[in-house]
Amino acid sequence: NDTVGKDFARAERLSLPITFAILIVVFGAVVAALLPLALALTAIAAAIGAAAVISHLVPQSQGLATMVLLIGIAVGVDYALFLLRRARDERRTGAGVHESVLIACATSGRAVITSGVTVIVAMLGLMILREPTFASMGAGAMLVVAAAVVGSLTALPAVLTLLGDRVDRLRVPWI
C-alpha cells in the first residue's frame with residue numbers, strides 16, 4: 001500500500017506539470033492548455049468513482065488508481081487536443097464559434113469515438129485472462145477512456161462554445 005501510494009503521488013506530481021508545460025507550448029495560451037487537463041482530471045475522477053461501484057463485481061488491484069491516472073491523462077489530453085485544435089483551426093478560417101465547434105465534433109469527434117472504442121476493446125483482452133490484477137487494471141482503463149470520450153463529446157464542446165475566442169486568453173508572449 002505504501003509503495004502504491006508513493007507511486008501514485010509521484011506520477012501525479014510529475015505528469016500534471018509536465019503535461020501542462022507541453023500544452024502551453026502547443027497552444028500558446030493558458031486557458032486553452034487548461035481545457036485538456038480539466039477533461040483528463042474529470043475523466044479520472046469519474047473513473048475512480050465508477051471503479052468503486054464496480055469493485056463489487058471486479059476485484060480492484062492496488063495499482064488501479066495509478067493506471068487510471070496515467071491512462072486518463074493520456075486519453076483526456078489526446079481527445080481534447082483533437083477537438084480543441086480543430087475548433088481553433090475552423091475559427092481561424094472564419095467560422096463562427098458555434099459552427100467551429102459543430103465542425104470539430106463532426107470530424108474530430110468521430111476520431112475520438114473510434115479511438116475510444118478501440119482502446120476499450122483492446123482493454124477487454126485484460127479481462128479475458130481472469131487474473132484479478134489485470135482485470136482490475138483493464139476495467140479501470142476502460143472506465144477512464146469511456147469517461148474521456150463522453151466528456152469530449154458533451155462537456156468540452158459546451159465549454160468551447162461558452163468560451164468562444166476567450167479560449168485563447170492569457171497568451172504566452174514568446175510562444
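Buried means under 20% relative accessible area, exposed means over 50%, and partly exposed lies in between (1.4 Å probe, protein chains only). The model is predicted: local features need pLDDT of at least 70, side-chain atom pairs count only at pLDDT 80 or more, and totals for chains, interfaces and linings use all residues. Residues are numbered from 1 along each chain as its sequence is written, and side-chain values use heavy atoms, with hydrogens and water left out.

**Exercise 1. Classify Thr133 and place it relative to Met67.**

Step 1. Find the element. Thr133 lies in helix H5. Helices (H or I, at least four residues) and strands (E, at least two) are DSSP runs, numbered from the N terminus.

Step 2. Apply the cut-offs. Thr133 has a relative accessible area of 34%, so it is partly exposed.

Step 3. Turn to Met67. This residue sits in helix H3. Its relative accessible area is 22%, so Met67 is partly exposed.

Step 4. Compare sequence and space. Thr133 and Met67 are 66 residues apart in sequence and 11 Å apart in space, C-alpha to C-alpha. Met67 and Val26 are 41 residues apart in sequence and 25 Å apart in space, C-alpha to C-alpha.

Step 5. List the contacts of Met67. Contact means heavy atoms within 4.5 Å. With neighbours within four places in sequence set aside, Met67 touches Gly72 and Met137.

**Exercise 2. Describe the fold of the whole chain.**

Step 1. Count the elements. The protein chain has six helices and zero strands. Its pattern along the sequence is α-α-α-α-α-α.

Step 2. Test the compactness. The radius of gyration is 17 Å, close to the 16 Å that the globule rule gives for 175 residues, so the protein chain is as compact as a globular protein of that length. That radius is taken over C-alpha atoms, and the rule is 2.2 Å times the number of residues to the power 0.38.

Step 3. Take the outline. The C-alpha atoms fill a box of roughly 55 × 30 × 20 Å along the principal axes.

Step 4. Check the burial and the contacts. Of the 175 residues, 39% count as buried. Among contacts with a separation of 6 or more, 78% come from residues 24 or more positions apart.

**Exercise 3. Find the centre of the largest nonpolar core.**

Step 1. Define the set. A nonpolar core is a set of buried Ala, Val, Leu, Ile, Met, Phe, Trp, Tyr and Cys residues joined through side-chain atoms within 4.5 Å.

Step 2. Name the best-connected members. The largest core has 38 residues, and Tyr79, Leu84, Val144 and Leu160 touch the most other members.

Step 3. Trace the suppliers. Helix H1 (2–27), helix H2 (30–54), H3, helix H4 (97–128), helix H5 (132–153) and H6 each supply at least two residues of this core. The largest share, 11 residues, comes from H3.

Step 4. Follow one member. Beyond its neighbours within four places in sequence, Leu160 is in contact with Leu35, Leu83, Leu84, Ala87, Val97, Val101 and Val167.

**Exercise 4. Is Arg88 buried or exposed, and is Leu170 buried or exposed?**

Step 1. Start with Arg88. It is found in helix H3 (residues 64–92). Its relative accessible area is 6%, so Arg88 is buried.

Step 2. List its partners. Outside its neighbours within four places in sequence, Arg88 contacts Phe27, Val167, Asp168 and Arg171.

Step 3. Go to Leu170. This residue is in the segment after helix H6 (155–163). Its relative accessibility is 57%, so Leu170 counts as exposed.

Step 4. Check the backbone. Phi of Leu170 is near 60 degrees, a positive value in a residue other than glycine.
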